Amino acid sequence: MRERNIGQISVSAIGLGGMPLSIEGRPDEAQAIATIHAALDAGVTLIDTADAYTLAGDDQGHNEELIARALREYGGDTSNVLVATKGGHLRPEPGPWDQNGDPAYLKEAAKASAARLGVDAIGLYQFHRPDPKVPYADSVGAVRDLLDDGVIRMAGISNADPDQIREAQQILGGRLVSVQNQFSPRFRSSLPELELCAELGLAFLPWSPLGGIGRAADLGGEGAAFEKVAQAHGVSPQQVCLAWELALAPIVIPIPGSSRPASIQDSALAAELELTAAEIEELSK
Ligand SMILES: NC(=O)c1ccc[n+]([C@@H]2O[C@H](COP(=O)([O-])OP(=O)(O)OC[C@H]3O[C@@H](n4cnc5c(N)ncnc54)[C@H](OP(=O)(O)O)[C@@H]3O)[C@@H](O)[C@H]2O)c1
């Protein structure tokens, strides 16, 4: 599969989003493991997870443990797979999510994530979401300390606006490598952050790149342009959507979620799908 960079690391241009494997509607464990193995078979070397991808509090870390198990049980070499996790988001009870950007909490959460992933140092750790109760600089300062202490190898942020991206880059002393924000055909308001990442040379990981769980199937219906281009290429509108996102800038690395092998197999092919300039322009309207 074609590759793109996160910091100095080269990863597949399409990653796997782990969330659908661990929240409401999640598949049984055998299907979840098969989905992760299908991603690896397809050449995916970036897997996105978070300690908060759970049904609720006592299930904390479900997704991280699942991914660690799938990697252990995979027959092939997984040494080039980057597992990107996140901290600072909580799911104490079913329903709404909560935040905790307290520095001491984040440091403990990162160590717990490393233990669940079975690694000495986390490949990429992303501060999940700004906590309005804690100064942003304090939360990102904890991520800087995690880098300095070797608990994490690379640092990213998520759900950040342009000012927060610049602030994080400054607090981390130029060591910020990635930004993960919501971006899809129906949610384009993170375009300024995407463009800023292109300017600063940071990887931009669109989350819910297909519009989100339960809405991805309607992509063709909602975006007639995606359906039209899909028919012209004989591929799915979801594949066109991911190829369009890749075409927006060389720093974009979509992380489509999957709960079935077939969806990540289809999504992975987007890395090789070439859209014409006219198609990209039409889809960007
Ligand atoms: N940082 C954050 O705050 C944040 C928030 C939300 C999500 N995320 C991350 O972003 C990832 C992706 O977001 P998401 O999972 O919410 O939404 P998404 O990727 O937009 O959509 C996921 C859904 O798309 C379907 N799908 C995937 N590829 C497909 C294909 N080629 N054809 C048809 N359907 C396809 C999947 O179906 P099946 O289930 O049937 O396979 C899945 O239900 C998450 O998994 C998570 O890692 C981060």
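The following dialogue considers how to read the fold, the sheet and the aromatic pairs of a predicted model.

Me: What kind of model is this, and which pLDDT limits apply to local features and side-chain atom pairs?
Reply: The model is predicted; local features need pLDDT of at least 70 and side-chain atom pairs count only at pLDDT 80 or more, whereas totals for chains, interfaces and linings use all residues. Residues are numbered from 1 along each chain as its sequence is written, and side-chain values use heavy atoms, with hydrogens and water left out.

Me: How many helices and strands does the chain have?
Reply: Helices (H or I, at least four residues) and strands (E, at least two) are DSSP runs, numbered from the N terminus. The chain has eleven helices and eleven strands. Its radius of gyration, taken over C-alpha atoms, is 18 Å, close to the 19 Å that the globule rule gives for 285 residues, so the chain is as compact as a globular protein of that length. The globule rule is 2.2 Å times the number of residues to the power 0.38.

Me: What share of the residues is buried?
Reply: Buried means under 20% relative accessible area, exposed over 50%, and partly exposed in between, with a 1.4 Å probe and protein chains only. Buried residues make up 55% of the 285 residues in the chain.

Me: How is the order of strands in the open sheet read, and which strands stand at the edges?
Reply: Strands of a sheet pair through backbone hydrogen bonds, either parallel or antiparallel. Two strands count as paired if DSSP finds at least two bridges between them. Here an open sheet of seven strands has the order E3-E4-E5-E8-E9-E10-E11, with parallel pairing. Strand E3 (16–17) and E11 are the edge strands, each with a single partner strand, so one side of each is left without a neighbour in the sheet.

Me: Which strand is joined to E11 by bridges?
Reply: Strand E10 (residues 176–182) runs parallel to E11 and is joined to it by five bridges; Gln 180 stands opposite Leu 205 in E11. Four of the five residues of strand E11 (residues 203–207) are buried, so E11 is largely enclosed by the rest of the structure.

Me: What handedness does the unit of E10, helix H6 and E11 have?
Reply: A crossover is right-handed if, with the strands pointing away from the viewer, the path from the first strand over the helix to the second runs clockwise. E10, helix H6 (residues 191–200) and E11 make a right-handed β-α-β unit.

Me: How many aromatic pairs does a search of the whole structure find?
Reply: Rings of Phe, Tyr and Trp (its six-membered ring) pair if their centres lie within 6.5 Å; planes under 30 degrees apart count as stacked, over 60 as edge-to-face and the rest as tilted. The search finds five aromatic pairs. In one of them, Tyr 53 and Trp 97 have ring centres 6.4 Å apart and planes at 80°, so the pair is edge-to-face. These two residues are 44 residues apart and link distant parts of the chain. Tyr 53 is buried at 7% relative accessible area, whereas Trp 97 is partly exposed at 29%.

Me: Is the pair of Phe 183 and Trp 244 stacked or edge-to-face?
Reply: The ring centres of Phe 183 and Trp 244 are 5.8 Å apart and the planes are at 20°, so the pair is stacked. Phe 183 lies in the loop between E10 and H6, and Trp 244 in helix H9 (residues 237–248). Ring pairs link Phe 183, Phe 204, Phe 226 and Trp 244 into a cluster.
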